[in-house]
Amino acid sequence: MAKIFVVESSSQSDIKAYKVESSSQADLLVCVVKSDSQAKGDEKWFYVKSPSQADTKVFWVNSASQADIKVKFVDSPSQAKWNKGHPFQRRIG
């Protein structure tokens with residue numbers, strides 16, 4: 001499951017992520033789901049309220065060069081996927 005907690009410092013994070021506008025620029029297309037039971041795999045994220053509930057702690061960086069992954073948010077779970085092979089596959093959820 002991809003239960004995500006956003007941290008304030010990169011030193012607290014498991015992954016540094018950067019938001020992109022284009023699907024072609026993204027490593028991972030993410031759909032935010034409404035319940036933790038829907039948070040399956042790396043692609044469907046559910047935000048939790050405390051770090052102890054999280055599978056992965058994410059820090060949002062300000063440039064793509066600082067990021068471990070580039071993320072594009074999509075509206076539908078059927079659109080959520082990895083665009084290509086990536087070292088972080090199966091490590092988020």
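Here is a walk through some side-chain pairings and surface features of this structure. Keep in mind as you go that the model is predicted.

Let's start with the aromatic rings. A search of the whole structure turns up four aromatic pairs. One of them joins Trp45 and Trp60: their ring centres sit 6.2 Å apart and the planes meet at 45°, a tilted arrangement. Trp45 belongs to strand S4 and Trp60 to strand S5 (residues 56-60), so this pair ties together parts of the chain that are 15 residues apart in sequence. How exposed are the two partners? Trp45 has a relative accessible area of 1%, so it counts as buried. Trp60 is buried too, at 18%, which falls under the 20% cut-off because that is where buried ends and partly exposed begins.

Trp45 also has a second partner to look at, Phe73. Here the ring centres are 6.1 Å apart and the planes stand at 85°, so the pair is edge-to-face. Again the link spans distant parts of the chain, with Trp45 in strand S4 and Phe73 in strand S6 (residues 69-73), 28 residues apart. Phe73 itself is partly exposed, with a relative accessible area of 27%. Put the ring pairs together and you get a cluster that takes in Trp45, Tyr47, Trp60 and Phe73.

Tyr47 is worth a stop of its own. This residue is found in strand S4, and at 32% relative accessibility it counts as partly exposed. Besides being a member of the ring cluster, Tyr47 helps make a nonpolar surface patch of about 210 Å², together with Val6 and Val32.

Now for the charges. Side chains of opposite charge can pair when their charged atoms come close. How many salt bridges does the structure hold? There is one, and it is formed by Lys84 and Asp27, whose closest N and O atoms are 4.0 Å apart. This pair also links distant parts of the chain: Lys84 is in the segment after S7, while Asp27 is in the loop between strand S2 (15-19) and S3, 57 residues apart. The two ends have unlike surroundings, in that Lys84 is partly exposed at 45% relative accessibility, whereas Asp27 is buried at 6%.

Stay with Asp27 for a moment and you can pick up His86, since the two are in contact. His86 sits in the segment after strand S7 (81-82) and is buried, with a relative accessible area of 15%. Which residues does His86 touch, leaving aside its neighbours within four places in sequence? They are Asp27, Asp68 and Ile69. With Asp68 there is a polar contact as well: the His86 side chain reaches the backbone oxygen of Asp68 at 3.1 Å.

Last stop, Ser35. You'll find this residue in the loop between strand S3 (28-32) and strand S4 (44-47). Is Ser35 buried or partly exposed? It is partly exposed, with a relative accessible area of 24%. Its side chain makes a polar contact with the side chain of Ser37, at 3.0 Å. If you want to place Ser35 against another part of the chain, try Val48: the two are 13 residues apart in sequence, and their C-alpha atoms are separated by 9.6 Å.

Definitions and conventions:
Residues are numbered from 1 along each chain as its sequence is written. This is a predicted model: local features need pLDDT of at least 70, side-chain atom pairs count only at pLDDT 80 or more; totals for chains, interfaces and linings use all residues. Side-chain values use heavy atoms; hydrogens and water are left out. Helices (H or I, at least four residues) and strands (E, at least two) are DSSP runs, numbered from the N terminus. Buried means under 20% relative accessible area, exposed over 50%, partly exposed in between (1.4 Å probe, protein chains only). A polar contact is a pair of N or O atoms within 3.5 Å; within protein, one must be able to donate a hydrogen and the other to accept it, and residues adjacent in sequence count only if both atoms are side-chain atoms. Patches are made of residues with over 30% relative accessible area and no salt bridge: like charges are joined within 9 Å, nonpolar side chains (Val, Leu, Ile, Met, Phe, Trp, Tyr) within 5 Å. Accessible areas come from the Shrake-Rupley method with a 1.4 Å probe; for residues, only the protein chains shown count as cover. A salt bridge is a side-chain nitrogen of Lys or Arg within 4 Å of a carboxyl oxygen of Asp or Glu. Contact means heavy atoms within 4.5 Å. Rings of Phe, Tyr and Trp (its six-membered ring) pair if their centres lie within 6.5 Å; planes under 30 degrees apart count as stacked, over 60 as edge-to-face and the rest as tilted.
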